[in-house]
Amino acid sequence: ELKGIEIGRPLPRLTYEEAMNRFGSDRPDMRFGLEIRDFSGGLGGCQFKVFASAIQKGGVVKGIRIPKGGELSRKDLDDMTPFAATFGAKGIAWTKITADGWQSPIAKFLSEGEQKTIEQIAEAQIGDVIVFSADSAKIVHDALGNLRLHLGEKLGLIPEHEYALVWVLDFPLMEFDPQEKRYVALHHPFTAPLDEDLDLLEREPAKTRSKAYDLVLNGTDVGGGSIRIHHLEMQRKIFSSLG
């Protein structure tokens, strides 16, 4: 109201899982595209060891299509690897889609069928570039999510005077901390689990979703909260799961 900005309602909603899969972040900037695509399904048996090995270890191969990315120089593409390395990624593979096929260091390791499958999933056109990351889902999302923001700025794709609000819902209740060797609360230990996930608490704690939510504006958390646990037995169960 103070700034005279009209906000369309209802606000869009994304689950945490959707936000991570599409944007690599639980605070997605919705003002531009460059969404992440998952290529894992058709590459488990490919000849490119980096991709095949990641999938065999339970990881993923995901990527971003850059429309008309052919304007990016070879240096621009090679510089993505040290950028992604700061987020734990071992490298960034890439291909340019040309009228004569793939122009890429990895083209010889992928069959024509595998290349076509990737193009279909990415909805790629001639002149586009696709960049790839292969590792655990956490590392891939972190690397591609930050690369997406970097490319959005570099290519001038982010409209400065737009305001995109989104609710992010159904955050995980807890995650495993490898240093402490136990589960820790993602928000705090008093957050209520989703009723439909109660049976997962003891079997698969990391898959239990919570009644927690954030409000995100242009890639920044501006608010959030959760429904608290208000049953003694449920609180005891959560404390037990957290050790």
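**A mixed sheet, its flanking helix and the aromatic pairs**

Helix H1, residues 16-23, lies across strands E1 and E7 and runs at about 90° to E1. The model described here is predicted.

The two strands under H1 belong to an open sheet of 4 strands, arranged in the order E1-E7-E10-E11 with mixed pairing. Strand E1 (13-15) and strand E11 (220-226) stand at the edges of this sheet; each has a single partner strand, so one side of each is left without a neighbour in the sheet. On average, and with direction ignored, neighbouring strands of the sheet are turned by 25° against each other.

The mixed pairing can be followed strand by strand. E1 pairs with strand E7 (residues 165-169) in the parallel sense, over 3 bridges. Within this pairing, Arg-13 stands opposite Trp-167 in E7. E7 is also joined to strand E10 (residues 212-217), here by 5 bridges, and these two strands run antiparallel. Trp-167 appears again in this second pairing: its bridge partner in E10 is Leu-215. Trp-167 thus has Arg-13 opposite it and Leu-215 as its bridge partner in E10.

The next region is the loop between strand E9 (182-185) and helix H7 (200-203), where Thr-191 lies. Is Thr-191 buried or exposed? Its relative accessibility is 2%, and therefore Thr-191 counts as buried, the cut-off for buried being under 20%. The side chain of Thr-191 reaches the backbone oxygen of His-188 at 3.1 Å. Leaving aside residues up to four places away in sequence, Thr-191 touches Leu-173, Ser-210, Lys-211, Ala-212, Ser-226, Ile-227 and Ile-229. Of these contacts, Ala-212 falls in E10, which covers residues 212-217, and Ser-226 falls in the edge strand E11, which covers 220-226.

Aromatic rings come next. The count of aromatic pairs is 10. In one of them, Phe-176 and Tyr-183 have ring centres 5.3 Å apart and ring planes at 75°, so the pair is edge-to-face; the cut-off for that class is over 60 degrees. Phe-176 counts as partly exposed at 46% relative accessibility, and Tyr-183 also counts as partly exposed, at 23%.

Phe-190 and Phe-239 form another edge-to-face pair, with 6.1 Å from centre to centre and 85° between the planes. Which parts of the chain does this pair link? Phe-190 is in the loop between E9 and H7, while Phe-239 is in helix H8 (residues 232-241), and the two are 49 residues apart, so that distant parts of the chain are linked. Phe-190 is partly exposed, with a relative accessible area of 40%. Phe-239 counts as partly exposed as well, at 41% relative accessibility. The loop that holds Phe-190 is the one in which Thr-191 lies.

Elsewhere, ring pairs link Phe-39, Phe-48, Phe-51, Trp-102, Phe-109 and Phe-132 into a cluster. A ring can also face a charge: the charged end of Arg-148 sits over the ring of Phe-32, at 3.9 Å from the ring centre.

Terms used. Residues numbered from 1 in each chain as written. Predicted model: local features only at pLDDT ≥ 70, side-chain atom pairs only at ≥ 80, totals over all residues. Heavy atoms only, no water. Buried < 20%, exposed > 50% of the residue type's maximum accessible area, 1.4 Å probe, protein only. Polar contact = N/O pair within 3.5 Å; in protein donor to acceptor, adjacent residues only side chain to side chain. Contact = heavy atoms within 4.5 Å. Pairing = 2+ DSSP bridges. Axes fitted to C-alpha atoms, helices over the stretch in contact; angles between N-to-C directions. Phe/Tyr/Trp six-rings, centres within 6.5 Å; stacked < 30°, edge-to-face > 60°. Lys NZ or Arg CZ within 6 Å of the ring centre and 35° of its normal.
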